[in-house]
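Here are some questions about how the labels given to this structure are justified. Each answer sets a value against its criterion.

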Amino acid sequence: MEIIELTKTAFIDKIGNFETTDWKYMGDKPCIVDFSAPWCGFCKRLDPILAEFAQAYDGQLYIYKVNVDNEEDLEKAFNIHTSPTLLLCRMDGTREMMLGTMGKAELKKIIDEKVL
């Protein structure tokens, strides 16, 4: 599986309608949404790790990317001030935001323990 680029409309269709006060994740598998920018050095380092995990966790997890430079509504709604920021959506409906400036081993542990 490849990383899936999201626009605001695609986010609402695949993840959930964040414009409602109590939105729920709509996916059939857990997901990670990477809020990033093309000029961001930390984002560029995270990109190949997420691409590798998209392949390794194919069928178990979705990995999405939001370009915050193009999607201001999403950037504002999720209060993104630092890139990359990750949104973790679990199947039990819980969501968690975290800074995405971690290494491969740490992100793998988070996926295995907190997302799946």
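Q: How much area does the protein expose, and what share of it do carbon and sulfur atoms supply?
A: In this predicted model, the exposed area is about 6200 Å², and carbon and sulfur atoms account for 51% of it.

Q: What makes the protein as compact as a globular protein of its length?
A: Its radius of gyration is 13 Å, and the globule rule gives 13 Å for 116 residues; the two values are close, so the protein is as compact as a globular protein of that length. The C-alpha atoms fill a box of roughly 35 × 30 × 20 Å along the principal axes. Of the 116 residues, 46% are buried. Among contacts with a separation of 6 or more, 68% are between residues 24 or more positions apart.

Q: What pattern do the helices and strands follow along the sequence?
A: The protein has four helices and five strands, arranged as β-α-β-α-β-α-β-β-α.

Q: Why are Cys31 and Cys89 not called a disulfide?
A: A disulfide needs sulfur atoms within 2.5 Å. The closest cysteine sulfur to that of Cys31 is in Cys89, at 3.9 Å, so the pair is too far apart for a bond. The structure holds zero disulfides.

Q: How do you know whether Cys31 and Cys89 are buried or exposed?
A: Buried means under 20% relative accessible area. Cys31 has 0% and is therefore buried; Cys89, also at 0%, counts as buried.

Q: Why is Asn79 called exposed?
A: The label requires over 50% relative accessible area, and Asn79 has 53%, so Asn79 counts as exposed. Asn79 lies in the loop between H3 and E4.

Q: What is the phi of Asn79?
A: Phi of Asn79 is near 55 degrees, a positive value in a residue that is not glycine. Most residues other than glycine have a negative phi.

Q: Which peptide bond is cis, and what is its omega?
A: The bond joining Ser83 and Pro84 is cis, with omega about -5 degrees. Pro84 sits in the loop between helix H3 (72–77) and E4.

Q: What makes E4 and E5 a pair of strands?
A: Pairing needs at least two bridges. E4 and strand E5 (residues 95–99) have five, in the antiparallel sense, so the criterion is met. Met98 in E5 is the bridge partner of Leu86. The two strands form a hairpin with five residues between them, and Gly93 in the turn has a positive phi of about 95 degrees.

Q: Which residues touch the most other members of the largest nonpolar core?
A: That core has 22 residues, and Phe11, Ile15, Val33, Phe35 and Phe78 touch the most other members. Helix H1 (8–14) and strands E2 (31–36), E3 (62–67) and E4 (85–89) each give two or more residues to this core. A second, separate core has 17 residues, including Ile32, Leu61, Met98 and Ile111. In soluble globular proteins, nonpolar side chains tend to be buried together.

Q: What does Phe35 touch, leaving aside residues up to four places away in sequence?
A: Among the residues that Phe35 touches are Phe11, Val66, Leu74, Phe78 and Met97. Ser83 and Pro84 are also on that list, and these two are joined by the cis bond.

Conventions: Residues numbered from 1 in each chain as written. Predicted model: local features only at pLDDT ≥ 70, side-chain atom pairs only at ≥ 80, totals over all residues. Heavy atoms only, no water. Core = buried A, V, L, I, M, F, W, Y, C linked by side-chain atoms within 4.5 Å. Buried < 20%, exposed > 50% of the residue type's maximum accessible area, 1.4 Å probe, protein only. Contact = heavy atoms within 4.5 Å. Rg over C-alpha atoms; globule rule 2.2 N^0.38 Å. Areas by Shrake-Rupley, 256 points an atom, 1.4 Å probe, with all protein chains shown as cover.
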